[in-house]
Amino acid sequence: MSTTASDPLAALGSLPGVPDAVDSVRKAVDRVYGHRVMRRRSNEVTAEAALRGSRGSAALAGADWNLEEVRRRTDFSGEDEARTVGAALRLTAEAGQLLSIWRQSPLRVLARLHLVAAGGAAPDDAVGRPRLAGEAVDEPLIEAPLPGAEEVAGRLEGLSQLIIAGGSAPALVTAAVVHGELLALRPFGSHNGLVARTAERIVLIGSGLDPKSICPAEVGHAEQGRAAYVAAFEGYTAGTPEGMAAWITHCGRSIELGVRESTAVCEALQRGAA
């Protein structure tokens, strides 16, 4: 992430195509929040969105299970895919508990997210802290050059200061940058993609765009496919205006697809089918 504007995130919001994406996301979110089912059964929609978002995030991390298997399963120990799905479910459950801390100390939240994701699967001294020089990173989907530990520390601090300072950037822009920066840095030895997508969720909830967490962007990221996800992320790492705009609009489309998923849940609840 690089820009010289005094409010970097707000400046990204004016890139070509981004204002339209922001407006489209806002309208989509408003429509699902206005659904009649949300008046009395919003908790059910939130719970279903959490499940489907977890499934989507796990799919991008290599555990592409069908929804009913995620719903049915109770034991997520054992094989790698089960642990990945379990980590995604734990992270989604944790996200809503960290909003107040996120606004004050994003780095504490990221450490907590990694601790929750790892669930004892990583060496104790490597859990919940940024990686040190020479430590390996297990993130097979992302093949971009890996920044060194010193650069990671500096950029994490810069990202933290932007979040704490706030600003006028739309929620979509902030969420996309947080997501993209964490993918680019891969600050932990494992589970970076899961953590990055959970951080995106936290921004969307905490910003007020999606306060009930019913618009799971993870669903949309998965639906667009791993190849599209990686291609859009390469735009972020390129750092060009066109690349940044492509990443932000990709994230916006993912939110809209998450909205479509939750709208279908609302319709099913209204018909009494769920």
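Begin by colouring the charged side chains of this predicted model. The protein chain carries 28 positive and 33 negative side chains. The centres of these two sets lie 8 Å apart.

**The whole chain**

Switch next to a cartoon view of the protein chain. There are 13 helices and zero strands, so the elements read from the N terminus as α-α-α-α-α-α-α-α-α-α-α-α-α. The radius of gyration is 18 Å, close to the 19 Å that the globule rule gives for 274 residues, so the chain is as compact as a globular protein of that length. Along the principal axes, the C-alpha atoms fill a box of roughly 55 × 45 × 35 Å.

Now display the surface. The accessible surface of the protein chain is about 12,100 Å², and carbon and sulfur atoms account for 51% of that area. Of the 274 residues, 51% count as buried. If contacts between residues at least 6 apart in sequence are drawn, 72% of them join residues at least 24 apart.

**The nonpolar core**

Hide the surface and select Trp102, Leu110, Trp247 and Ile255. Within the largest nonpolar core, which has 82 residues, these four touch the most other members. The largest share of this core, 11 residues, comes from helix α9, residues 171-185.

Which residues surround Trp102, once those up to four places away in sequence are set aside? Trp102 touches Val109, Leu110, Ile163, Val178, Ala199, Ile202 and Val203.

**Leu172 in helix α9**

Move to Leu172, which lies in helix α9. Is Leu172 buried or exposed? Its relative accessible area is 3%, so Leu172 is buried, the cut-off being under 20%. Beyond its neighbours within four places in sequence, Leu172 is in contact with Ala21, Val22, Val25, Ile248, Cys251, Gly252 and Ile255. For a distance across the model, select Glu68 as well: Leu172 and Glu68 are 104 residues apart along the chain, and their C-alpha atoms are separated by 30 Å.

**Val25 in helix α2**

One of the contacts of Leu172 is Val25, the next residue to select. Val25 belongs to helix α2, residues 18-33. With a relative accessible area of 2%, Val25 is buried. Leaving out residues up to four places away in sequence, Val25 touches Leu172, Leu209, Gly252, Ile255 and Glu256. Gly252 and Ile255 are thus listed among the contacts of Val25 and also among those of Leu172. Ile255 is, in addition, one of the four residues that touch the most other members of the largest nonpolar core. To place Val25 relative to another part of the chain, add Ala50: the two residues are 25 apart along the chain, with their C-alpha atoms separated by 19 Å.

**Two loop residues with positive phi**

Finally, turn to the backbone of two loops. Most residues other than glycine have a negative phi. Where is His191 found? His191 sits in the loop between α9 and α10, the latter spanning 192-206. The phi of His191 is near 60°, a positive value in a residue other than glycine.

Then select Ser213, in the loop between α10 and α11, the latter spanning 217-224. The phi of Ser213 is also positive, near 55°, in a residue other than glycine. Although Ser213 is in a loop, this residue counts as buried at 9% relative accessibility.

Conventions: Residues are numbered from 1 along each chain as its sequence is written. This is a predicted model: local features need pLDDT of at least 70, side-chain atom pairs count only at pLDDT 80 or more; totals for chains, interfaces and linings use all residues. Side-chain values use heavy atoms; hydrogens and water are left out. Helices (H or I, at least four residues) and strands (E, at least two) are DSSP runs, numbered from the N terminus. The radius of gyration is taken over C-alpha atoms; the globule rule is 2.2 Å times the number of residues to the power 0.38. Buried means under 20% relative accessible area, exposed over 50%, partly exposed in between (1.4 Å probe, protein chains only). Contact means heavy atoms within 4.5 Å. Accessible areas come from the Shrake-Rupley method with a 1.4 Å probe; for residues, only the protein chains shown count as cover. Lys and Arg count as positive and Asp and Glu as negative; His and the chain ends are not counted. The place of a charge is taken as NZ of Lys, CZ of Arg, CG of Asp or CD of Glu. A nonpolar core is a set of buried Ala, Val, Leu, Ile, Met, Phe, Trp, Tyr and Cys residues joined through side-chain atoms within 4.5 Å.
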